[in-house]
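Okay, everyone, let me put a model up on the screen. I'll start with one small detail and then zoom out from there.

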Amino acid sequence: GAAEVEIGDEGVQFIKVTSLTQFGVDWIGVISIPWESVMKELNDTKFRTLLLGMLIVGGIKEFLETFRAYVQTKMVKRAVIPGMRQTLEDELLNQLQALTGRRSSRISLALASGSDTQEETTANREL
């Protein structure tokens, strides 16, 4: 079996005991490794490994946040804004028809530019 034991002034030791039968003779092997030699490399590298892992996770998180923002912006530009514009144009046509009693064929919305603060609205009416 294996165990950790403290041996005198040598400190904690990892001990492994094995049995071996060779040429009709029973052998017992004892392996002893000092705790300090096993843990030295682990203690030397644990903070570097932790820091590296945190940097990798932070990089992945930043990449995913940037990708999410990019996809969200593209979706708004390609789907949401055109859908809102079409809904607004349809609603304006319905309101215009309700007010005038005439069917309008087209309403065009253009963004305000320069000193204009109103949206330019044009209606072509069918008589």
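So, Phe-63 and Phe-67 sit four residues apart in helix α1, which puts about one helical turn between them. Remember the general rule: an α-helix has 3.6 residues a turn, so residues three or four places apart point the same way. And what do these two rings do? They form an aromatic pair, and a stacked one, with 6.3 Å centre to centre and 15 degrees between the planes. The structure holds just one aromatic pair, and this is it. I should say right away that this is a predicted model, so please hear every value in that spirit.

Are those two side chains buried or exposed? Phe-63 is exposed, at 55% relative accessible area, while Phe-67 comes out as partly exposed, at 47%.

Now the helix they belong to. α1 has 66 residues, and from its first C-alpha to its last it reaches 93 Å, close to the 98 Å expected at 1.5 Å a residue. Where does α1 bend? At Val-76, by about 40 degrees. A few of its residues are buried: Met-39, Glu-89, Leu-93 and Leu-96. Right after α1 comes Gly-101, with a positive phi near 80 degrees.

Okay, zooming out. The protein chain has one helix and five strands, and reading from the N terminus the order is β-β-β-α-β-β. So three strands come before the helix and two come after.

There's another phenylalanine I'd like you to find. Phe-23 is in the loop between β2, residues 12-22, and β3, residues 25-34. Phe-23 isn't a glycine, yet its phi is positive, about 55 degrees. Phe-23 also counts as exposed, at 81% relative accessibility.

What about the chain as a whole? It has 127 residues, and 7% of them count as buried. The accessible surface comes to about 11,100 Å², with 60% of that belonging to carbon and sulfur atoms. As for contacts, take those with a separation of 6 or more: residues 24 or more positions apart account for 11% of them.

Last thing, confidence. The average pLDDT for the chain is 78, and 75% of the residues score at least 70. Which element scores highest, and which lowest? Helix α1, residues 35-100, has the highest mean pLDDT, at 88, and strand β5, residues 120-125, has the lowest, at 40. Over residues 112-127 the pLDDT stays under 50, and for that stretch the model has 26 contacts beyond four places in sequence.

That's my tour. Back to the picture if anyone has questions.

Note on methods: Residues are numbered from 1 along each chain as its sequence is written. Side-chain values use heavy atoms; hydrogens and water are left out. Buried means under 20% relative accessible area, exposed over 50%, partly exposed in between (1.4 Å probe, protein chains only). Contact means heavy atoms within 4.5 Å. Accessible areas come from the Shrake-Rupley method with a 1.4 Å probe; for residues, only the protein chains shown count as cover. pLDDT is the predictor's confidence in each residue, from 0 to 100. The expected span of a helix is 1.5 Å times one less than its number of residues. The bend at a residue is the angle between axes fitted to the seven residues ending there and the seven starting there. Rings of Phe, Tyr and Trp (its six-membered ring) pair if their centres lie within 6.5 Å; planes under 30 degrees apart count as stacked, over 60 as edge-to-face and the rest as tilted.
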